[in-house]
Amino acid sequence: MTEDALAYVKQRGLGALADKMGIEIVEFSVERSVARMPVLGNTQPADLLHGGAYVVLGESLGSMSANLYAGEGRLAVGIEINASHTRSATSGYVTGVCTPIHLGRTLTTHEISVTDDQGRRCSTIRITNLIKDL
């Protein structure tokens with residue numbers, strides 16, 4: 001995590017929802033961003049991590065990464081997101097690893113792979129952000 005990227009995350013924050021869900025940044029750069037989130041407190045009635053929680057983790061990582069890439073005076077906003085859940089997390093933490101698929105002048109697309117504490121993939125999220133001038 002570069003000092004500039006770390007300062008960016010600290011200055012901007014992840015947002016109230018991400019804070020409530022316990023999402024914390026582990027690594028942050030344009031090329032790769034990593035965050036983790038506890039399963040506890042983010043479950044559905046069957047005690048499985050809620051599918052929407054995976055999406056919040058993915059969107060938080062993808063949007064913040066797109067905004068870092070966009071740079072000063074520009075804003076990246078999500079225009080499309082999808083998720084495929086392949087395993088259920090029931091305890092511990094899940095970790096999202098966000099990597100760019102496309103970094104363009106006006107659009108970015110990122111893939112976020114979310115794994116459990118055993119390294120098993122639980123969800124794959126793809127987000128596209130529109131970059132616009134402020």
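Me: Two strands count as paired if DSSP finds at least two bridges between them. What makes β3 and β6 a pair in this predicted model?

Reply: Eleven bridges join β3 to β6, residues 121-133. The threshold is at least two, so with eleven bridges β3 and β6 pair. The two strands run antiparallel. Within this pairing, E80 stands opposite T128 in β6. V77 has L130 of β6 as its bridge partner.

Me: How do you know that β5 pairs with β6?

Reply: Nine bridges join β5 to β6. At least two are needed, so β5 and β6 pair. Their run is antiparallel. T115 stands opposite R121 in β6, and T108 has N129 as its bridge partner there. The two strands form a hairpin, with five residues between them. In the turn, G119 has a positive phi of about 80°.

Me: And what makes β4 and β5 a pair?

Reply: Eight bridges join β4 to β5, again against a requirement of at least two. These strands run antiparallel. T99 stands opposite E111 in β5. β4 and β5 form a hairpin with three residues between them.

Me: Which strands are called edge strands, and in what order do the six lie?

Reply: The order is β1-β2-β4-β5-β6-β3 in an open sheet, with antiparallel pairing. β1 (24-28) and β3 (74-85) are the edges, since each pairs on one side only. From one strand to the next, the twist averages 25°.

Me: What makes α3 a helix that packs on this sheet?

Reply: Its contacts. α3 touches β1, β2, β3, β4 (93-103), β5 (107-115) and β6. A contact needs heavy atoms within 4.5 Å. The direction of α3 makes about 40° with that of β6.

Me: How do you know that the length of α3 agrees with 1.5 Å a residue?

Reply: α3 has 20 residues, so the expected span is 28 Å. Its end C-alpha atoms are 28 Å apart, which agrees. After α3 comes G71, with a positive phi near 85°.

Me: Why is α3 called largely enclosed?

Reply: Because 14 of its 20 residues are buried. β5 earns the description too: seven of its nine residues are buried, so the rest of the structure largely encloses β5.

Me: Why is Y54 called buried?

Reply: Buried means under 20% relative accessible area. Y54 has 2%, so Y54 is buried. Its place is in helix α3. Leaving out residues up to four places away in sequence, Y54 touches M37, L49, H85, R87, S88, A89, V94, V114, C122, S123 and I125. Y54 and V94 are 40 residues apart in sequence, yet 8.6 Å apart in space, C-alpha to C-alpha.

Me: Which members of the largest nonpolar core touch the most other members?

Reply: I23, M37, L49, Y54, L57 and V94, out of 20 residues in that core. At least two residues each come from α2 (16-21), β2, α3, β4, β5 and β6. α3 gives the most, with five. M37 touches, among others, M21, I23, L49, A53, Y54, L57 and V94. Nonpolar side chains tend to be buried together in soluble globular proteins.

Me: What lies apart from the largest core?

Reply: Another core, of five residues, lies apart from it. Its members include A5, V9, F28 and M64.

Me: S29 is in the loop between β1 and β2. Buried or exposed, and how do you know?

Reply: Buried. The cut-off is under 20%, and S29 has a relative accessible area of 16%, so S29 is buried. Leaving aside neighbours within four places in sequence, S29 is in contact with S65 and L68.

Me: What makes S29 and R32 a polar contact?

Reply: A polar atom of the S29 side chain lies 3.0 Å from the backbone oxygen of R32. The limit is 3.5 Å, so the distance fits.

Me: And D47: buried or exposed?

Reply: Exposed. The word requires over 50%, and D47 has 51%, so D47 is exposed. D47 is in the loop between β2 (33-38) and α3 (51-70).

Me: What sets the backbone of D47 apart?

Reply: Its phi is positive, about 65°, although D47 is not a glycine.

Terms used
Residues numbered from 1 in each chain as written. Predicted model: local features only at pLDDT ≥ 70, side-chain atom pairs only at ≥ 80, totals over all residues. Heavy atoms only, no water. Helix = DSSP H or I, 4+ residues; strand = E, 2+ residues; numbered from the N terminus. Buried < 20%, exposed > 50% of the residue type's maximum accessible area, 1.4 Å probe, protein only. Axes fitted to C-alpha atoms, helices over the stretch in contact; angles between N-to-C directions. Polar contact = N/O pair within 3.5 Å; in protein donor to acceptor, adjacent residues only side chain to side chain. Core = buried A, V, L, I, M, F, W, Y, C linked by side-chain atoms within 4.5 Å. Expected span 1.5 Å × (residues − 1).
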